[in-house]
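Reader: Hi, I'm new to this structure and would like a close look at one part of it. Could you pick a residue in the core and walk me outward from there?

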Amino acid sequence: MNRRHFLSLCALAGATPLLHERAFTAADSWQAEFAAALRANPYLEGFRGTSQETLAASNLPIEGRIPAGLRGVFYRNGPAQHEVGDLRYHHWFDGDGMVQSFRVTDSGVSHLGRFVRTDKRVAELAARKALRRAFGTDVAGAQPVSSPDTFNPANTNIVAHAGELLALWEGGSAYRLDGDSLETLGVKVWRKDLKGVAFSAHPKVDPEGTLWNFGLSPFDSMLVLYKVAGSGELANAGVVRAPDMTMVHDFAVTSKYLVFLLPPMRVNKEKFSQGKSFLGSNEWLAGRPMRILVVDKNDLNSARTLELPAGFMFHFGNAWDDGGTIRFDYLRYNDATAMTKVFSEFMRGVVVIQREAEVTLVTVDLAKGVARQESMPGEAEFPRVDPRVVGTRHRHLFVGARSVAIPQRWGFNAVRRLDLDTGKTDEFDYGRDFLVEEHIVVPDRSSSQEGKGWVIGTALDVKQRKTVWSVFDAMNLSAGPLARATLPYALPLGFHGNFRAA
Amino acid sequence: MTKKSTFAIAIQLAAATLFTTAAQAGDLRVEVRGLTAADSGTVNVALADKAEGFLKTFLASQRIAAAPGAVLVVFRDLKSGDYAVTAFLDENGNEKLDTNLFGMPTEKYGFSNDARGSFGPPSFADAKFSVGAGGATVVVNLQ
């Protein structure tokens with residue numbers, strides 16, 4: 001009986017049994033270091049951040065012609081305020097989420113960005129200083145954490161489903177937003193016993209409209225699974241347990257299964273309780289494999305475990321099964337350096353260049369209980385597929401790609417389509433002045449054919465200090481954008497987005 | 001799916017009625033704050049007087065209808081000594097602190113001293129305060 005269950009609350013309740021907040025320590029040098037580095041390295045512009053609650057611009061200048069079939073709103077999310085009071089966060093993942101919307105109509109493209117009014121943001125705006133813990137920063141004197149939502153910045157993804165718009169973070173609740181004004185409406189509660197349970201940032205919507213997702217309580221080694229009907233009603237939920245977990249960013253679905261990859265890492269409860277950040281409480285389990293968890297969609301309370309060689313990952317492209325075999329692709333890193341070092345160091349202006357992830361194809365033989373993998377050459381991230389093929393066999397994988405190496409720049413210069421049948425690539429290189437963000441596939445609804453449609457996405461034009469939005473023919477990226485709209489300002493570099501067709 | 005936390009069980013077990021003692025008695029006023037107009041249900045308030053069995057057994061408990069702002073309960077004629085108080089908002093009248101699948105409370109709760117535990121519920125020592133012959137007043141903030 002479950003002392004452990006209450007412990008889970010208190011595990012998250014964090015460092016301090018003290019009755020009074022510890023004194024806030026003096027600011028460190030990161031703010032000054034970043035400001036100095038930015039003066040010398042314009043590629044850091046995307047990590048400057050903003051504290052403006054909204055950013056808006058209408059009638060954006062457009063080059064080219066936007067396809068008539070492409071009407072709707074492209075939503076993106078990402079951490080946008082990197083400094084709170086005199087604290088500059090030590091990690092890209094820490095800042096409050098700001099949702100960006102690009103509204104495409106017959107009269108053109110307009111932009112609206114607005115911060116998600118999380119419990120954390122509201123409290124910290126009132127106090128004019130950091131009050132809450134963060135994923136990757138040790139926040140001295142932070143308030144006790146009564147639930148993960150205490151430090152939920154809602155900064156990772158934004159998904160429209162069943163008439164709702166949900167701003168997502170992987171450790172806590174979804175925040176509901178108004179689809180037009182982007183005003184925050186409140187926390188999404190799927191069911192009373194799921195209130196405050198994490199609803200992760202990479203839900204998968206299958207072609208029938210069913211949304212699958214998961215939420216993690218790594219301190220309890222518990223993974224909650226959600227099945228949400230196309231109507232928006234929770235259809236089913238379950239719990240599986242797996243020891244030695246830490247954050248799990250993404251998963252994949254097939255027609256029969258949910259698939260997870262657990263790198264050999266775990267979060268150390270003791271370190272977290274002593275005030276270390278979540279990230280700082282992680283330990284790499286040398287010598288251990290990467291685990292594959294396979295959950296049957298018809299039994300959300302048990303999981304089968306298989307193994308791959310050690311590695312690290314954030315993102316899946318897609319997965320499918322044909323009876324006894326599951327195939328999926330993911331972006332594989334050798335280790336967690338991207339998360340533990342690269343995404344931290346550039347917050348103080350230090351650019352660490354390491355090899356980016358590689359598209360890696362995995363075959364899981366369920367009967368034999370073995371999996372094998374093969375990586376494809378090329379550095380890439382932010383994989384997406386056509387929404388019409390989620391969970392079924394796909395041919396085309398779309399990624400941000402690094403094909404030009406520039407020493408003082410982290411990130412991607414190109415958007416690339418990988419034809420997994422032929423191995424051929426189709427790529428548009430934005431050029432050395434651009435940092436390419438996630439690009440997504442928007443189906444042309446006049447066709448059911450995979451790839452028939454458009455690829456849309458944003459990139460930061462470092463030279464102009466402006467963010468551009470581009471649309472491509474999904475099957476002909478190398479022809480360059482069909483149209484491009486330019487914002488009058490630079491947006492903070494963000495993470496993930498989705499399109500809601502008009 | 002609906003496993004109860006130790007805390008929830010403890011509150012359920014806190015069936016003891018008002019306990020009166022002899023000499024050196026004072027009244028303890030417990031002001032429970034943190035309720036809004038959106039909150040409805042019953043506030044359960046439980047009193048403990050020792051570290052042993054804390055959150056498993058209680059000296060006394062009381063229930064009072066929720067009201068915006070603050071509600072007040074009084075434990076009368078307590079002998080001088082150390083005490084701790086915990087309270088929660090029972091929204092659905094099932095007389096337990098409901099929890100989510102991860103075991104985290106889904107109803108508001110709090111302890112005297114605003115005590116919060118580290119990898120466990122707060123201890124009696126974290127939440128304790130003294131009641132003398134003249135009685136005492138404490139605040140429990142529900143969160």
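Author: Sure, and one term first: two residues are in contact if their C-beta atoms, placed from the backbone, lie within 7 Å. Keep in mind as you read that this is a predicted model.

Let's start at A:V259. Which residues does A:V259 touch, leaving aside its neighbours within four places in sequence? The list runs A:F251, A:A252, A:T254, A:I292, A:V294, A:A319, A:I326 and A:F328. A:V259 is also among the residues with the most contacts inside the largest nonpolar core, along with A:A167, A:L168 and A:L225. That core has 152 residues. As a rule, nonpolar side chains tend to be buried together in soluble globular proteins. There is a second, separate core too, with 31 residues, and it includes B:V32, B:V71, B:L97 and B:A115.

Now for the strands around our residue. In β17(A), A:V259 is the bridge partner of A:A252, a residue you've already met in the contact list of A:V259. Strand β17 of chain A covers residues 257-262, and it pairs with β16(A) in the antiparallel sense over two bridges. In general, strands of a sheet pair through backbone hydrogen bonds, either parallel or antiparallel. Zoom out a little and you get an open sheet of four strands in chain A, with the order β16-β17-β20-β21 and antiparallel pairing. Its edge strands are β16 and β21 (304-308) of chain A, each pairing on one side only.

Step back along the chain from β16 (252-253) and you come to the loop that links it to β15 (234-241), which is where A:D244 lies. A:D244 has a positive phi of about 55 degrees, although it is not a glycine. Most residues other than glycine have a negative phi. Is A:D244 buried, exposed or partly exposed? It counts as partly exposed, because it has 15 C-beta neighbours inside 10 Å.

On the other side of that loop, β15(A) has a partner of its own. Seven bridges join it to strand β14 (residues 222-228) of chain A, and the two run antiparallel. One of the pairs is A:M222 with A:R241 in β15(A). Five residues sit between the strands of this hairpin, and A:G232 takes a positive phi near 95 degrees there.

One more piece of chain A is worth a look: helix α5, residues 337-345. Its buried residues are A:A338, A:M339, A:V342, A:F343 and A:S344, and they pack against β23 (325-333) of chain A.

Chain B makes a nice companion to all this. It has two helices and eight strands, in the pattern α-β-β-β-β-β-β-α-β-β along the sequence. Of its 143 residues, 43% count as buried. Here you'll find another aspartate with a positive phi: B:D114, near 55 degrees, in the loop between β6 (109-111) and α2 (124-127) of chain B. B:D114 counts as partly exposed, because 16 C-beta neighbours fall inside 10 Å.

For a last stop, try B:S130 in strand β7 (residues 129-131) of chain B. B:S130 is exposed, because there are just 9 other C-beta atoms within 10 Å. Not counting residues up to four places away in sequence, B:S130 touches B:D82 and B:A136. From B:S130 to B:A84 is 46 residues in sequence and 8.7 Å in space, C-alpha to C-alpha.

Definitions and conventions. Residues are numbered from 1 along each chain as its sequence is written. Chains are lettered from A and ligands numbered from 1 in the order in which they are written. This is a predicted model: local features need pLDDT of at least 70, side-chain atom pairs count only at pLDDT 80 or more; totals for chains, interfaces and linings use all residues. A residue is buried if 20 or more other C-beta atoms lie within 10 Å of its own, exposed if 12 or fewer, and partly exposed in between; C-beta atoms are placed from the backbone. Two strands pair if DSSP finds at least two bridges between them. A nonpolar core is a set of buried Ala, Val, Leu, Ile, Met, Phe, Trp, Tyr and Cys residues joined through C-beta atoms within 7 Å.
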